[in-house]
Amino acid sequence: MQPDLFLFAAPGTMAAAVIAAIFGLLIGSFLNVVVHRLPIMRQREIDNYIADKEGKPLPHPDRYNLMVPRSACPHCGHQIGALENIPIVSWLALRGKCSACKAPISARYPIVEAVSGILSGLLIWHFGSGWTGLATLVFTYLLLAMTLIDIDHKELPDDLTYPLLWLGLLINLDGSFVPLREAVLGAAGGYLFLWAVARTYELVRGQIGMGDGDFKLLAALGAWFGWKMLPALIVLSSFVGAAIGITMIVIGRTKKGQHIPFGPYLAGAGMIALFYGPELTRLAIGLAQP
């Protein structure tokens, strides 16, 4: 295979898009591991830290990370073999059940793999497979992982938000999306805006309405798309969040007053901005003008 079939291919190159889609399926499988294990790793670190400070035996002395131990069925402990870990295909072949105990395997696993594969192909088709195109893949994978973790655990880990922020600043060193000055102002403005909103809400209502992870995620999006994109990102994510929240209340999937994570809506707004950023900026400027 010639290297230029993928690396540094121009936008609209079908071969590069197909290769990216296949790669995205594999990454999607890994993202399922990240979503499951990263919160556990964080909690184990906290537990060990507290025990160490108190002079107690560590509650989690065994090694646990994204690679170790091997993936296994949570019901029977059956270790997942290579043939059982082929994205989408294995889940379909197993009919969504463990090969050992026949316990159901969540359909979310192949869905995440499919979404990752489809978005990877679309991104490389749209941006090409130069440094900017490859960076958009990392951007998307981080947002996918954060979205699912926030849904499951109501948190956005620093292990994901900070790399997204720094990558945004680095990719804009040469102005890939916006000039570096706008990227820096976007990062600062994104964090400070949501911080101010959250602190005002806390003072008025006497309760926490938004976590620090949301501030950092908007800061990261600001680093990618600049300060001019912040109003569009905030409005878009707020409308989407309100629509989905009201729908969930109506259908009985959630209750009034129940905390709904804002991270997934910010992530969705970020993906829209990735594809349609210039158009959104022009629209926001046009609406702001008399």
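Pro-69 is found in the loop between H1 and helix H2 (89-93), where helices are DSSP runs of H or I with at least four residues, strands are runs of E with at least two, and both are numbered from the N terminus. The peptide bond leading into this proline from Val-68 is cis, with omega near -5°. That's worth a look, because most peptide bonds are trans, and most residues other than glycine have a negative phi.

Before going on, a word on what you're looking at: this is a predicted model, in which local features need pLDDT of at least 70 and side-chain atom pairs count only at pLDDT 80 or more, while totals for chains, interfaces and linings use all residues. Residues are numbered from 1 along each chain as its sequence is written, and side-chain values use heavy atoms, with hydrogens and water left out.

Two lysines also have backbone angles to check. Lys-102, in the loop between H2 and H3, has a positive phi near 65°. With a relative accessibility of 53%, Lys-102 counts as exposed; the scale here is buried under 20% relative accessible area, exposed over 50% and partly exposed in between, using a 1.4 Å probe and protein chains only. Lys-154 sits in the loop between H4 and H5, and its phi is positive too, near 60°. Lys-154 is partly exposed, at 40% relative accessible area.

Now step back to the fold. The protein has nine helices and zero strands. Buried residues make up 39% of its 290 residues. Of the contacts with a separation of 6 or more, 68% are between residues 24 or more positions apart, a contact being heavy atoms within 4.5 Å.

Start with H1, which covers residues 14-53. Its 40 residues reach 56 Å from the first C-alpha to the last, close to the 58 Å expected, where the expected span is 1.5 Å times one less than the number of residues. H1 does bend, by about 30° at Arg-37, and Pro-39 follows within four residues; the bend is the angle between axes fitted to the seven residues ending at a position and the seven starting there. Arg-37 has a second role in this tour: its charged end sits over the ring of Tyr-64, 5.4 Å from the ring centre. For that label, NZ of Lys or CZ of Arg must be within 6 Å of the ring centre and within 35 degrees of the ring normal. After H1 comes Gly-55, with a positive phi near 75°.

H6 makes a good companion to H1. Its 26 residues should span 38 Å, and its end C-alpha atoms are 37 Å apart, which agrees. The buried residues of H6 are Glu-182, Ala-183, Gly-186, Ala-187, Gly-190, Leu-194 and Ala-198. An α-helix has 3.6 residues a turn, so residues three or four places apart point the same way. H6 is followed by Gly-206, whose phi is positive, near 75°.

On to the interior. The largest nonpolar core has 60 residues; such a core is a set of buried Ala, Val, Leu, Ile, Met, Phe, Trp, Tyr and Cys residues joined through side-chain atoms within 4.5 Å. H4 gives the largest share of this core, 11 residues. Among the members that touch the most others are Phe-139, Met-146 and Phe-225. Leaving out residues up to four places away in sequence, Met-146 touches Leu-156, Leu-160, Thr-161, Leu-164 and Leu-217.

The aromatic side chains come next. Rings of Phe, Tyr and Trp (its six-membered ring) pair if their centres lie within 6.5 Å, with planes under 30 degrees apart counted as stacked, over 60 as edge-to-face and the rest as tilted. By this rule there are 12 aromatic pairs. The rings of Phe-177 and Phe-225 have centres 6.0 Å apart and planes at 85°, so they are edge-to-face. This pair links distant parts of the chain, with Phe-177 in the loop between H5 and H6 and Phe-225 in H7, 48 residues apart. Phe-177 is partly exposed, at 23%, whereas Phe-225 is buried, at 6%. Ring pairs also bring both into a cluster with Phe-127, Phe-139, Trp-224, Phe-275 and Tyr-276.

Finish at Thr-136 in helix H4, which is buried at 0% relative accessibility. Setting aside neighbours within four places in sequence, Thr-136 is in contact with Leu-123, Phe-127, Phe-177, Trp-224 and Leu-274.
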